[in-house]
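Work through the exercises below with the structure open beside you. Try each task before reading its solution.

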Amino acid sequence: MLHVRSIWNGAISFGLVSIPIKLVNATESHSISFRQIHTEDGGRIRYRKVCELEEKEVSSAEIGKGYEDADGTIIPITDEDLSHLPLPTAKTIEIVAFVPADRIDPLQMDAAYYLQAGGAPAAKPYTLLREALKRSRKVAIAKYALRGRERLGMLRVVGDAIAMHGLLWPDEVRAPEGVAPDTSVTVRDKELDLADALMDTLGEVDLDDLHDEYREAVEEVVAAKAAGETPREAPSAPSSGKVLDLMAALEKSVRAAKESRGEEPERAADSESDSDSGSGSGSESGSASGSASASGEAKVSRLPQRKSARGAPKQTGGKKSTSAAKKTAAAPRKSTQATRKSTSSKTATGAKSSASAKSTTKKTAAKKTATAKKTPAKKTAARKRTA
């Protein structure tokens with residue numbers, strides 16, 4: 001089946017049924033590893049295992065395990081000591097229960113292994129357990145010992161094989177305290193609708209189509225430098241601009257997802273959102289501008305009357321001055337009424353100047369008329385005297 005080295009040999013304990021198996025890794029890492037080097041000359045940096053007492057390097061065959069006590073004392077522990085532990089899981093994967101798969105919290109999932117049948121005698125019980133798991137649609141919970149500690153595992157069927165996922169003990173999973181926002185947030189239905197639309201647009205994906213682009217980029221850099229070429233520079237990411245609200249971000253995400261799939265983005269959601277947001281902001285701005293214009297009319301219609309009545313210049317020197325003052329005081333009222341009909345930008349000052357101009361014109365005309373009447377009388381008297 002798999003031509004990889006087993007990391008553990010034992011048996012599955014299924015009640016009184018014992019199934020010899022070999023534990024092999026189900027996953028492998030394809031990440032690119034780097035060596036530490038001396039930057040000045042490119043020499044390799046190595047870590048050597050040195051005995052502190054003898055201050056000399058020792059080989060792997062001379063290295064064992066030891067437990068450090070609280071006072072710093074090292075207690076040697078051999079593989080033979082561990083092999084004689086009074087535990088049934090020392091060399092056995094002991095199935096303790098069968099549960100629905102959704103009972104397992106993904107946070108508990110750890111390393112994955114394949115359980116390989118250990119020879120022909122294991123074929124029949126191995127197949128029996130596999131088919132029982134298939135028909136029950138459950139997973140098996142088991143305990144086993146590996147690398148010096150007892151662990152928890154979950155057995156499930158993958159194809160025609162049985163796989164085992166190492167599980168963390170429940171007390172090894174931290175509670176999500178202090179992670180979620182501690183402020184009260186209200187999510188509107190329209191925001192949820194847009195989120196649903198984005199999820200539908202993104203749709204599903206075949207995981208086999210996904211690949212490690214970072215690893216490919218690193219391999220390209222290594223190949224370029226090995227050939228003495230300059231690595232290709234990464235293209236700059238297009239700037240998406242600053243999104244001011246969640247609705248706009250969701251709408252832009254939906255449009256971008258549809259465009260990436262070659263679909264024509266719909267504008268219905270946009271216009272609906274724009275109308276909603278526009279009506280809200282428009283009503284606010286409209287009310288604000290309305291109040292501003294109302295206050296502007298109050299300033300034009302009321303304040304000039306007060307200013308003209310109080311600020312009208314007082315004139316002295318006879319009845320003409322009094323009548324002119326009355327005309328000057330009455331003129332702003334007419335001017336104010338005309339100002340209401342024509343424009344709200346004229347002020348009482350314009351009304352005053354207009355009234356003053358009319359008053360001056362009338363005075364000048366009256367003087368000319370009086371002068372014209374007096375002049376003929378003088379000429380007639382002169383003619384009589386001459387005769």
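**Exercise 1.** In which sense do E1 and strand E7 (residues 92-100) pair, and over how many bridges?

*Solution.* Note that the model is a predicted one.
Step 1. Find strand E7 at residues 92-100 and set E1 beside it: the two pair in the parallel sense.
Step 2. Count the bridges between E1 and E7, which come to 3.
Step 3. Look for a residue pair that illustrates this: Ser13 has Glu94 as its bridge partner in E7.

**Exercise 2.** Describe how strand E1 and E2 pair, and identify the residue with a positive phi in the turn of their hairpin.

*Solution.*
Step 1. Strand E1 covers residues 8-14, and its pairing with E2 is antiparallel, with 7 bridges.
Step 2. Two of the facing pairs can be named: Ser13 has Ser18 as its bridge partner in E2, and Trp8 stands opposite Leu23 in E2.
Step 3. The hairpin of E1 and E2 leaves 2 residues between the strands. Gly15, in the turn, has a positive phi of about 65°.
Step 4. Put Ser13 together from both exercises: its partner in E2 is Ser18, while its partner in E7 is Glu94.

**Exercise 3.** Which residues of E8 stand opposite Lys22 and Leu23?

*Solution.*
Step 1. Locate strand E2 at residues 17-25 and strand E8 at residues 109-117; they pair in the antiparallel sense over 5 bridges.
Step 2. Opposite Lys22 is Gln116 in E8.
Step 3. Opposite Leu23 is Leu115 in E8. Leu23 also stands opposite Trp8.

**Exercise 4.** What order do the strands of the closed barrel follow?

*Solution.*
Step 1. The barrel has 7 strands, in the order E1-E2-E8-E11-E10-E9-E7, and its pairing is mixed.
Step 2. From one strand to the next, the twist averages 40°.
Step 3. Check the mixed pairing against the earlier solutions: E1 and E2 are antiparallel, whereas E1 and E7 are parallel.

**Exercise 5.** How many residues lie between the strands in the hairpin of E5 and E6?

*Solution.*
Step 1. Strand E5 (residues 65-68) pairs with strand E6 (residues 74-77) in the antiparallel sense, over 4 bridges.
Step 2. Glu68 has Ile74 as its bridge partner in E6.
Step 3. There are 5 residues between these strands, and Gly72 in this hairpin takes a positive phi near 90°.

**Exercise 6.** Which residues gather in a patch of negative charge on the surface?

*Solution.*
Step 1. The patch brings together Asp189, Asp193, Asp196 and Asp200.
Step 2. Place one of them: Asp193 belongs to helix H3, residues 189-202.

Key:
Residues are numbered from 1 along each chain as its sequence is written. This is a predicted model: local features need pLDDT of at least 70, side-chain atom pairs count only at pLDDT 80 or more; totals for chains, interfaces and linings use all residues. Side-chain values use heavy atoms; hydrogens and water are left out. Patches are made of residues with over 30% relative accessible area and no salt bridge: like charges are joined within 9 Å, nonpolar side chains (Val, Leu, Ile, Met, Phe, Trp, Tyr) within 5 Å. Accessible areas come from the Shrake-Rupley method with a 1.4 Å probe; for residues, only the protein chains shown count as cover. A salt bridge is a side-chain nitrogen of Lys or Arg within 4 Å of a carboxyl oxygen of Asp or Glu. Lys and Arg count as positive and Asp and Glu as negative; His and the chain ends are not counted. The place of a charge is taken as NZ of Lys, CZ of Arg, CG of Asp or CD of Glu. Two strands pair if DSSP finds at least two bridges between them. Axes are lines fitted to C-alpha atoms, for helices over the stretch in contact, and angles run from 0 to 180 degrees between N-to-C directions.
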